[in-house]
Each structure stands twice: as structure tokens, then as C-alpha cells.
Amino acid sequence: MRVSLFVTCLVDQLFPQVGLDTVKVLRKLGLQVDFDPRQTCCSQPAFNSGFQSEAARVGRSFLEVYGGCEDPIVVPSGSCAAMLKVSLPHLFEPGSEWHRLARQVADRTWELSSFLVDCLGVDSTGAVFPEKVTYHDSCHLLRELGHRDQARRLIRSVQGIQLVEMEQSDRCCGFGGTFSVKYPEISAAMGREKLDRIRESGAGWVVAGDSSCLLHLHSLSEAAGVALRTLHLAELLARF
Amino acid sequence: MNWKRSPKTLRDQSRTALQDSQLQHNLQHTLSRTLHSRQLAVSEVQNWEELRHYARTVKLHTLSHLARYLEQLEAAVQQRGGQVIWAESARQATDFILDLAHRRDFRSVVKGKSMLGEEIGLNAALERWLEVVETDLGEYIVQLAGQQPSHLVAPALHLSRGQIGELFERKLDVSVGEDVERITAAARQVLRRKFLSAHLGITGVNFGVAETGTLVVVENEGNIRLSLSAPRVHVAIMGIEKVIPRLADLPVFLKLLIRSATGQRMTSYVNLVQGGRGPGERDGPSEFFLVLVDNGRSRILADAHLRETLACIRCGACQNICPVFQSIGGHAYGSTYQGPIGSILTPQLVGLQGAPEHPFASSLCGACRDICPVGIRIPDLLLELRHRIQREKGARAARLPVERWAFQIWSWLMSSRQRYELFSRWSRRLARWTAGDRLGRLSRVIPPLSRWNRERRLPELAPKSFRELHRASGEGGS
């Protein structure tokens with residue numbers, strides 16, 4: 001089976017290890033992983049900020065890359081996957097060719113944890129990680145895509161791991177894209193609440209399916225001088 | 001809406017709220033307790049999701065046939081001897097009530113809690129001529145404090161018992177400390193006298209049942225029941241979206257509203273009002289008026305994308321669950337309706353220019369949509385409003401459209417592999433040039449980086465992007 005990896009702009013620029021580990025995990029499961037270097041961004045930053053025509057422009061270039069692709073598109077981000085699966089078709093007029101393509105892409109797009117569990121039926125990647133971790137439900141993965149259990153199943157399958165739940169694991173980390181710079185104080189206050197919940201859980205690591213949440217939490221903890229160890233799900237699952 | 005844009009921005013006010021440790025404590029304490037009760041109350045209802053879906057369907061159906069159901073409601077109320085007044089604007093509604101008070105030579109009014117009353121600025125309009133007393137304990141507290149409600153259901157949410165005790169000592173000259181019973185008793189002593197002497201009682205409406213003309217008002221204190229039964233005249237004010245077609249659906253709506261709002265199974269009082277005193281009846285007001293208020297609602301109704309805003313039953317659950325509301329409370333929004341529902345309703349009621357910040361004061365986390373008992377897709381509506389505000393800003397070009405330019409450049413960069421990769425390379429060079437580490441001093445002064453940097457460290461660009469590493473591994477293709 002072949003899959004096409006959409007690595008997301010954030011991972012490409014800031015967290016390449018997440019992309020490399022996604023490839024590593026998928027290959028371990030016997031998949032052929034294609035990476036089309038024409039890819040850039042899912043268009044979400046503009047869409048969420050209200051700039052629909054700018055988002056549509058980037059969306060069209062995404063569709064030019066993936067429109068003809070017949071393979072599953074795997075994305076190591078709940079937020080970007082939700083943009084592609086839920087929002088992208090809304091950017092184009094129903095009945096138009098772009099709209100048709102966007103819906104096709106939406107149907108073929110998979111967020112990583114859901115792809116592993118729901119599409120491949122994988123329970124374990126054979127990873128080993130003898131540490132105590134807690135899992136942060138990123139908003140779009142949980143509430144747009146409805147995936148609560150997939151990542152937890154995969155985490156529990158990791159050898160030696162102990163998954164402890166934090167209080168309000170489904171509360172937003174406060175990032176919210178441009179929200180974090182439009183309302184930096186509110187955003188940071190939300191993030192610090194999250195840091196408190198993580199600390200109270202007693203876990204040494206926080207795992208999430210979105211690099212953006214982890215980025216936000218990490219940036220806050222650095223500024224506050226608090227130690228926080230973050231791990232993207234792909235990085236965890238690739239520890240074999 | 002009775003609305004003057006505050007000279008302070010939402011961001012300014014949010015900063016103040018975040019630094020107010022007493023407010024932070026009050027919010028945390030009350031909201032977490034309410035959410036906990038709600039969770040217990042909802043978990044008892046096996047078919048909660050079905051009920052939500054049903055209620056949403058009924059509401060959307062009603063909205064798409066609103067004129068018909070309102071006329072039916074009007075006829076049913078009239079048949080029972082009530083009078084129905086259609087107020088297109090806030091002004092028409094308040095003028096009617098003022099004129100009525102003048103004609104009857106009324107001096108005093110008791111009011112039951114009504115968010116619509118807040119929306120149309122009823123107190124301000126009446127207070128010049130009449131004595132107006134809020135009789136809901138929370139509203140009474142807020143009125144004494146000279147403030148506005150900070151929550152749909154719990155108007156004095158922002159105040160602690162201690163603060164309320166001090167307020168009572170100052171305004172009523174009673175010593176009540178922090179004791180809830182003594183606070184309540186002190187308020188009751190004042191309010192009982194007002195109920196008995198008031199000429200006019202004004203209440204809101206939770207649901208207006210079209211087929212029977214029944215107006216439903218839920219409460220826990222009994223003050224609304226007194227407001228609508230003790231004075232000679234009862235005026236009920238109702239937003240036109242509050243109509244439901246059938247009495248048979250009322251139990252569904254009550255279950256959703258009450259459990260979502262307070263986490264109770266049922267409120268202490270559910271008032272079903274069928275108008276004033278009937279022939280041969282010995283009590284109740286001698287006259288009853290229903291004021292149906294539009295005040296911008298038909299404009300929302302006409303907008304297919306945003307219409308479901310009007311399905312709201314004002315339970316306040318979206319405020320309780322919202323991490324932004326939890327962080328800053330209601331007053332920071334500077335509007336009558338606050339929190340997630342306020343952020344979609346306010347710009348629609350007052351116009352996009354009147355509340356251009358509200359739709360952006362959200363991380364789009366979606367908790368509001370999931371908790372909403374009628375499933376209003378608040379994040380989608382926020383996005384639609386953001387889109388319209390940006391479009392309108394672009395068209396008017398009132399200020400420097402910096403954000404638009406930024407996204408235009410961004411979309412130009414992101415819509416071509418070559419430009420994206422070139423940008424990526426140059427960003428790395430710039431990062432190396434500026435002190436080698438984070439974007440250094442530059443990022444502390446240039447927005448939006450500076451805004452990010454105030455409370456957070458700027459993340460570093462990876463030394464090599466994923467695509468470079470992938471290509472280097474010999475498998476990247478072209």
C-alpha cells in the first residue's frame with residue numbers, strides 16, 4: 001500500500017523530526033511513503049483569520065498537488081487534517097471543479113492516529129518508552145474529527161509506558177493560530193492553565209497529535225523557566 | 001442594542017481582568033462548580049444527544065416559519081385577553097412601556113431578570129421617570145453595584161460573597177458579612193415591600209408557546225412569580241426568536257435549558273403564564289401585555305449562514321465551558337451578551353463595525369458547540385463573521401490593512417513550491433544573521449512576533465527543514 005505524506009508547514013519548518021518519525025512508523029508497517037515536495041500549507045492560518053480568498057489561493061495549490069492523488073493522504077496533525085477534511089471544501093463554490101477536488105481530498109485525508117487505528121487496524125508500532133506520559137487532546141483532533149481513543153490506544157501499546165490522564169485533557173492549550181498574537185494575554189493564560197494540569201498529572205512528558213499545541217506549551221514553559229518535555233505522537237511511536 | 005462601544009478594547013479589558021486576582025478566583029470557583037453540576041445532570045439523561053438534535057430541529061423549523069408561529073402566538077395571547085405589541089426596535093419597546101406607565105400614572109416597577117431588558121436598555125429608559133427595582137438576587141446585586149450582568153444566568157458571577165456583603169453594608173446599611181442566608185434575607189426584606197407596592201411588573205420570557213399562548217419563565221427564587229402576579233399590570237418582553245410551536249415540546253426544552261444552565265433537574269419554579277386575571281378569577285394582574293421585540297433579529301433571520309444564532313435558549317453553558325470566558329469573565333467583552341454566544345450575537349445585533357473584535361476573541365476550540373443544548377455551530381459562525389469583518393475592512397480600508405497585506409504575501413509565498421522554499425531558506429539565513437539564535441532583538445519589537453514574545457519564547461527554525469532532510473536521505477525525489 002502506498003500513502004502520500006502531507007507533512008504540514010509547521011513540521012517542515014520547525015519540527016522535521018516529527019515528519020521523519022512519521023515516515024519511519026509508516027514504513028515499519030510496510031507502507032510505501034511518498035512525499036511530494038510541491039506541498040506547502042493546508043491554508044488554515046488564513047481561513048481561521050477570515051481571509052477566505054487568500055486561503056482559497058493556497059487551497060487551490062494544495063489541490064493541484066493532491067487532486068490527482070489516489071492514495072491516502074496522511075497528516076501528522078489533527079488541526080491540518082481537520083482543515084482538509086472539514087473546511088477546505090467550504091472555500092469553493094459547490095459544483096465547481098475545485099469543490100469536487102476538495103471533497104475528494106477530504107475523503108482521502110487521514111490524521112495519523114486515526115489512519116493507524118481506523119484504516120490500518122494497527123494496535124502497536126512496537127515502540128518502547130518506559131516513562132510516565134500524559135496526553136493532551138488537541139481541539140480539532142477531538143472536536144472536529146472526533147478522535148479521542150485512537151491516540152490513547154496507540155500510546156498504551158507502547159512497551160513500558162504509563163499513561164496518566166491529566167484533569168481537563170480536552171481543554172484548549174490557548175494557541176488558536178492568530179488568536180495567540182491577537183489576544184496574547186488570554187492565550188498565554190490558557191496555556192499556563194494547561195501547564196499546571198500537566199504538572200499536576202505527575203507525568204514527565206506530554207504527548208499530543210499536534211505540533212502547534214506542543215509548540216505553544218513549550219514556548220510558554222521556556223519563558224516561565226519551567227521544565228516541560230513534549231513529544232509528538234509520531235515521535236513516541238517511532239521509538240522502536 | 002443599547003450599546004456604546006467602549007473606548008477600551010477587548011484586549012485592554014481582558015488584560016485588566018486577568019490581573020484581577022479576586023475576579024479570577026470568583027470565576028474559577030463558580031464556573032467549575034456549575035460545570036460539574038451540569039455534567040452530573042446531563043449524564044443522567046440517556047438520550048441527551050437525541051434531545052439536543054430534536055430541539056435544534058424544532059428551533060430551526062420554527063425560525064424558518066417564524067412569522068406564522070408569531071402570529072399564532074399573538075392570536076392565542078389575545079384570545080386570553082392579553083395585548084400584544086410588536087416592537088421593531090429597542091426604542092419602540094421601551095417607549096411603549098414608558099407610555100403605558102405614564103398613562104396609568106405608575107410610579108414603581110419590579111423587574112424579573114431579563115437579558116432582553118439589558119439588551120434594549122430598559123432600566124436606563126425607565127429609571128428617569130420611575131423607580132425600577134430588579135428582583136432577581138443576582139440582578140439586584142448588580143443593580144446596587146451600578147454594574148451590568150456578567151453572565152447570562154448568573155449576573156453577579158464576578159462578585160464573591162464577601163464583595164456582595166460589603167456592597168450590602170454600603171448601600172443598604174445592613175451587616176451581613178459573607179453569609180448567604182443573611183444576604184438573601186436582607187434582599188428579601190427590601191424586595192418584599194417593593195413587590196407589594198409596585199404598580200407594574202416586567203419579566204422576560206424563556207419560551208412562548210404558539211399553540212396555547214403560554215409564556216414560560218423559569219427561575220429559582222420566586223421573584224418572577226411575584227413580579228408577574230402581585231402588581232396590577234404585567235408586561236412580558238420577549239425576543240421574537242423565543243417562540244416554540246407546541247406545548248408538547250416544552251418538556252424537552254426545559255430539560256435541556258435547566259440542566260445546561262444550572263445543573264438542576266428542575267428549577268424551583270416554572271411559571272406558565274396564560275395572561276392576566278380572567279373573568280371570575282380573584283388574583284393576578286388586571287392587565288397583561290406581551291411585547292415582541294425584534295431589534296435586529298429579522299435581519300439575522302434573513303441571513304441563511306448566520307440564522308441559527310437565533311436558536312439560542314440562553315442557558316449560558318457555552319460561557320461556562322469557554323476557556324476564554326473562564327479567563328476573563330463577562331465584563332471584559334463590554335457587551336450585553338458575552339462569551340461564545342455573545343461573540344456571534346453581538347456583531348449581528350450592533351453591526352460588524354460595532355463589535356469587530358468579538359469574533360476574534362476565540363481560539364476556535366469548539367467546546368461551545370459541543371456543550372450547546374441546541375447544537376449551535378458557534379465556531380463556524382465565528383469564522384463566517386471573521387470573513388465578513390475582514391472583507392468589510394478591506395473594502396473600507398479604514399486603517400492600514402496590515403493583516404490583509406500579511407496574508408496576501410503569505411498566500412503568494414505558500415502557493416508556489418519555489419517561493420515557499422526560497423522563503424524558507426532566507427528565513428534561516430535571517431535567523432542565523434540575527435544573533436544566531438532566536439530572531440533576537442528584532443522579534444521583540446516587530447509585531448506579531450513581539451506579541452508572541454511577551455509571554456513566550458520564540459521557537460527556533462529547525463537547522464534543516466523536513467524536505468531538506470528527506471531529500472538528503474536520497475528518497476526525496478525532485
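In which hand does α4(A) pass α6(A)? I will come back to that after the sheet. Please keep in mind that this is a predicted model.

The sheet first. It is open and built from four strands of chain A, and their order is β6-β5-β7-β8. The strands pair in parallel. At the edges are β6, residues 162-163, and β8, residues 230-232, both in chain A, and each of these pairs on one side only.

Now look at one pairing in that sheet. Strand β7 of chain A, residues 205-208, runs parallel to β8(A), and three bridges join them. If you want a residue to find on screen, take A:Ala208, whose bridge partner in β8(A) is A:His232.

There is also a helix on these strands. Helix α12 of chain A, residues 211-224, lies across β5 (132-136), β7 and β8 of chain A. Against β8(A), helix α12 runs at about 170 degrees.

Back to the opening question. Two packed helices are described by the angle between their axes and the distance between the axes. Here the pair is α4, residues 52-66, and α6, residues 97-108, both of chain A. Their axes come within 10 Å and cross at roughly 65 degrees. An angle from 65 to 115 counts as roughly perpendicular, so α4(A) is roughly perpendicular to α6(A). As for the hand, the crossing is left-handed.

Which residues make the contact? From α4(A) they are A:Arg60, A:Leu63 and A:Tyr66. From α6(A) they are A:Trp98, A:Leu101, A:Ala102 and A:Val105. Sorted by class, this contact has six nonpolar residues, one charged residue and no polar ones.

Notes: Residues numbered from 1 in each chain as written. Chains lettered and ligands numbered in written order. Predicted model: local features only at pLDDT ≥ 70, side-chain atom pairs only at ≥ 80, totals over all residues. Pairing = 2+ DSSP bridges. Helix = DSSP H or I, 4+ residues; strand = E, 2+ residues; numbered from the N terminus. Contact = placed C-beta atoms within 7 Å. Axes fitted to C-alpha atoms, helices over the stretch in contact; angles between N-to-C directions. Parallel < 35°, antiparallel > 145°, perpendicular 65-115°, else oblique. Left-handed = near helix turned anticlockwise from the far one by under 90°. Nonpolar A, V, L, I, M, F, W, Y, C, P; charged D, E, K, R; others polar.
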